[in-house]
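Biologist: Before I trust any label on this model, I want the reasoning behind it. Shall we take the terms one at a time?

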Amino acid sequence: MSQQIEPLISLKSAGVYRAKRWLIRDINLEVYPGEIVTLIGPNGSGKSTTLKTAIGLEKPDEGQARRKKDLTIGYVPQKFHIDGTMPLTVRRLMSLTKSYPNDLIEETLKSVGVLEYIDASVQTLSGGELQRALIARAFIAKPDLLVLDEPVQGVDYAGEAALYDMIEAFRAETGCGILLISHDLHVVMAKTDRVLCLNGHVCCTGTPERVVNDPQYLELFGARATESVALYRHDHDHTHLVDGRVMHKDGSITDHCHNHDGHHDHSAEKGGDHAG
Ligand SMILES: Nc1ncnc2c1ncn2[C@@H]1O[C@H](COP(=O)(O)OP(=O)(O)OP(=O)(O)O)[C@@H](O)[C@H]1O
């Protein structure tokens, strides 16, 4: 990524001090247009704090947080509180901050697989359906920067990979930058341009290939880390469709995706089935 282009957001030696301790310290982070940057790390390692500081929801107590002038941000938070007493349909949710044409709302909901719930009350949606609707809400605004704090929580395994495919497609279509937090290491490693591995500070950073080979990453994630390395190596040979099915490189479509179904090149793998 050319350093001539101004980053959408940047943190320079940023630290956040709360309740008499540093939650994060010495964090350097930049997100440029068109790239996907992912924050990974154990629970409580400061991923949400870093993300909130980067987009201006938290103020750094040391260092700097900068945002490009007039930057528009689409933010899908980790928790979304719905007031149970206020009826709100999915259609209305899409237009809460700005109104959009009906056909655009329908098209966007369709792209994340929840069009059938357009007139349902958001209170009745399942966790995964609500998450998809919230992602659609972020998509429709076509922000310069899309920020997703654990975008696939509550979404089932097949749907999870499909949503990451959509996020990637959205980036390709709009050229926006994407900052996300994820625990789904294998998908992250396949879809991300740059990874920051956090544990209160930046343990390691770089391309997924580089990070998965870093001893600090392996120490933090142990066995899961090794699994994600194996999956990363063959994860580019299929696409997840909105309905959860899988389209393979040869054009065929199957309900699931397993290592030994005849669609994969096994030359670089370390074994174990996976569902995408
Ligand atoms: N406002 C606050 N005041 C005091 N402590 C806080 C505050 N916000 C977060 N923390 C603490 O800071 C640490 C980092 O929290 P953060 O939510 O950034 O972690 P995370 O990596 O996103 O975790 P998870 O994977 O569990 O979502 C946690 O120990 C949390 O309890």
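**Sheet, ligand shell and core**

Modeller: This is a predicted model. Start with the open sheet: three strands in the order β2-β1-β4, paired antiparallel.

Biologist: Why are β2 and β4 said to stand at the edges?

Modeller: β2 (21-31) and β4 (62-67) each have a single partner strand, so one side of each has no neighbour in the sheet. From one strand to the next, the twist averages 25°.

Biologist: How do you know that β1 and β2 pair?

Modeller: Pairing needs at least two bridges between the strands. β1 (residues 9-18) and β2 share seven bridges in the antiparallel sense, so the criterion is met. A14 stands opposite I27 in β2. R18 has R21 in β2 as its bridge partner.

Biologist: What links β1 to β2?

Modeller: A hairpin, with two residues between the strands. A19 in that turn has a positive phi of about 50°.

Biologist: What makes 47-55 count as helix α1?

Modeller: A helix is a DSSP run, H or I, of at least four residues. Residues 47-55 form such a run, hence α1. Helix α1 lies across β1, β2 and β4 and runs at about 125° to β1.

Biologist: Which residues surround the ligand?

Modeller: R18, A19, L23, G41, N43, G44, S45, G46, K47, S48 and T49. A residue belongs there if its C-beta atom, placed from the backbone, lies within 6 Å of the ligand. α1 gives the most to this shell, with three residues.

Biologist: How does the shell divide by residue type?

Modeller: Two are nonpolar, seven polar and two charged. Gly counts as polar here, so G41, G44 and G46 fall in the polar group.

Biologist: What makes the 66 residues a nonpolar core?

Modeller: Membership takes buried residues of the nonpolar kinds listed for a core, joined through C-beta atoms within 7 Å. The largest such set has 66 residues. A133, L145 and L179 have the most contacts inside this core. Leaving out residues up to four places away in sequence, A133 touches V90, L93, V114, V122 and L125.

Biologist: How much of the protein is called buried?

Modeller: 39% of the 276 residues. Each of those has 20 or more other C-beta atoms within 10 Å of its own.

Biologist: And the overall tally?

Modeller: Eight helices and twelve strands. Of the contacts between residues at least 6 apart in sequence, 65% join residues at least 24 apart.

Terms used: Residues are numbered from 1 along each chain as its sequence is written. This is a predicted model: local features need pLDDT of at least 70, side-chain atom pairs count only at pLDDT 80 or more; totals for chains, interfaces and linings use all residues. Axes are lines fitted to C-alpha atoms, for helices over the stretch in contact, and angles run from 0 to 180 degrees between N-to-C directions. Two residues are in contact if their C-beta atoms, placed from the backbone, lie within 7 Å. A residue is buried if 20 or more other C-beta atoms lie within 10 Å of its own, exposed if 12 or fewer, and partly exposed in between; C-beta atoms are placed from the backbone.
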